Amino acid sequence: MIDTHAHLDGEEFADDLTAVISRAAAAGVSRIFLPAIDLTTSQRIISLSRQYPHVFSPMGGLHPEEVKDNWQEQLTAIAGLLTAVIAIGEVGLDFYWSREYEKEQLQAFEQQVEWSVETRLPLMIHCRKAQNEMVKILRRYEGELPGGVFHCFTGNAHEAIELLSFQQFSLGIGGVLTFKKSHLPEVLPQNVPLSRIVLETDSPYMAPVPYRGQRNESAYVAVVAQRLAEAYGVEVGEVDRQTTANALRIFLTGRHPADEQK
């Protein structure tokens, strides 16, 4: 299995990262993709991936919640790191808490979408309360984008269908799938083929049941895989095989020199 989205560079893992990696391996996780949220984390993730080259793969980007007055300077610096990453992320739009930087978020996201077109690096997209605005931007580049993942999908059938109209993209499915009130076990099998899903944890956030409320970690992606298998009526090995193939197709298909280092 591949955990396509884990913030293992955070201070939550400072004391036991090696143990976290070992538990992930024991759970069947062969690789972990690390998204960044700003310049500092982009640099840190690249360094961490060089320390653990057979486990981690780095991304670089500016998260929408980190778009502030200095967003242009941040992007200029992050652009210089793109030769060392496998994807541009975590990027996107987030109007959940505030629209104070709405204009800047839109501009920053579009610039990073343009990077994806230019570099052929896939996108790891975060979107909250902004799907209409996100889709409008992506439509402008639809025929040129190499693909990517819509991270942490928790939406309904209509939203899933709209996102999957971007043919080179998949949905990132994590711990929300296991929550008691989640509608994903019904929405996904009816509208989303396994060929369009990748697994993720979003560690240290969004831990699946029975770990909900605790620190999430990459080993728990196996819990998500098991629940996905139950929802689709297939063996967990089939979920592992298909989602791993999906992640490799999107992120590690040799489109970028950084891939050769993995």
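A residue counts as partly exposed when its relative accessible area lies between the buried class, under 20%, and the exposed class, over 50%. This scale is applied here to a predicted model, and several residues discussed below fall in its middle class.

Met-206 is one of them: its relative accessibility is 34%, so Met-206 is partly exposed. Met-206 sits in the loop that runs between β8 and α8. Its backbone deserves a look, since phi of Met-206 is near 55°, a positive value in a residue that is not glycine. As background, most residues other than glycine have a negative phi, and most peptide bonds are trans.

The loop between β8 (197-199) and α8 also holds Pro-204. The peptide bond leading from Ser-203 into Pro-204 is cis, with omega near 10°. Further along, Pro-210 is placed in the loop between β8 and α8 as well. Val-209 and Pro-210 are joined by a cis peptide bond, for which omega is about 15°. The stretch from β8 to α8 therefore brings together Met-206 with its partly exposed side, a positive phi at that residue, and cis bonds before Pro-204 and Pro-210.

A positive phi also turns up elsewhere in the chain. Arg-120 is not a glycine, yet its phi is positive, at about 70°. Arg-120 belongs to the loop between α4 and β5 (123-128). With 33% relative accessibility, Arg-120 is classed as partly exposed.

The loop that carries Met-206 ends at α8, and α8 packs against another helix. Two packed helices are described by the angle between their axes and the distance between the axes. For helix α7 (residues 184-191) and helix α8 (residues 221-232), the angle is about 60° and the axes are 9 Å apart. Angles from 65 to 115 degrees would count as roughly perpendicular and those under 35 as roughly parallel; α7 and α8 are therefore oblique to each other. Their crossing is right-handed. On the α7 side the contact is made by Pro-185, Leu-188 and Pro-189, and these meet Arg-227, Leu-228, Ala-231 and Tyr-232 of α8. By class, six of the residues in this contact are nonpolar, none is polar and one is charged.

A second helix pair is α3 with α4. The axes of helix α3 (residues 71-79) and α4 come within 11 Å and cross at roughly 15°. Because angles under 35 degrees count as roughly parallel, α3 is roughly parallel to α4. The crossing of α3 past α4 is right-handed. From α3, the residues in contact are Trp-71, Leu-75, Ile-78 and Ala-79; from α4, they are Glu-104, Gln-107, Ala-108, Gln-111, Gln-112 and Trp-115. The contact of α3 with α4 divides into six nonpolar, three polar and one charged residues.

Glu-104 takes part in that contact and can be followed further. Glu-104 is found in helix α4 (residues 102-119). Its relative accessible area is 23%, so Glu-104 is partly exposed. Leaving aside residues up to four places away in sequence, Glu-104 touches Val-67 and Trp-71. Pro-64 lies 40 residues away from Glu-104 along the chain, and the C-alpha atoms of the two are separated by 8.9 Å.

Buried or exposed: which is Ser-49? Ser-49 belongs to helix α2 (residues 39-51). Its relative accessible area is 3%, and because the buried class covers values under 20%, Ser-49 is buried. When residues up to four places away in sequence are not counted, Ser-49 touches Leu-34, Phe-56, Ser-57 and Pro-58.

The cysteines come last. How many disulfides does the structure hold? The number is zero. A disulfide is a covalent bond between the sulfur atoms of two cysteines, and the cut-off applied here is a pair of sulfur atoms within 2.5 Å. The cysteine sulfur closest to that of Cys-127 belongs to Cys-152, and at 11 Å this is too far for a bond. Cys-152 is likewise in no disulfide, its nearest cysteine sulfur being that of Cys-127, 11 Å away. Cys-127 has a relative accessible area of 27% and is therefore partly exposed. Cys-152 is partly exposed too, with a relative accessible area of 27%.

How values were computed
Residues are numbered from 1 along each chain as its sequence is written. This is a predicted model: local features need pLDDT of at least 70, side-chain atom pairs count only at pLDDT 80 or more; totals for chains, interfaces and linings use all residues. Side-chain values use heavy atoms; hydrogens and water are left out. Buried means under 20% relative accessible area, exposed over 50%, partly exposed in between (1.4 Å probe, protein chains only). Axes are lines fitted to C-alpha atoms, for helices over the stretch in contact, and angles run from 0 to 180 degrees between N-to-C directions. Helices (H or I, at least four residues) and strands (E, at least two) are DSSP runs, numbered from the N terminus. Angles under 35 degrees count as roughly parallel, over 145 as roughly antiparallel, 65 to 115 as roughly perpendicular and the rest as oblique. A crossing is left-handed if the near helix is turned anticlockwise from the far one by less than a right angle, and right-handed if clockwise. Contact means heavy atoms within 4.5 Å. Ala, Val, Leu, Ile, Met, Phe, Trp, Tyr, Cys and Pro count as nonpolar, Asp, Glu, Lys and Arg as charged, and the others, Gly among them, as polar.
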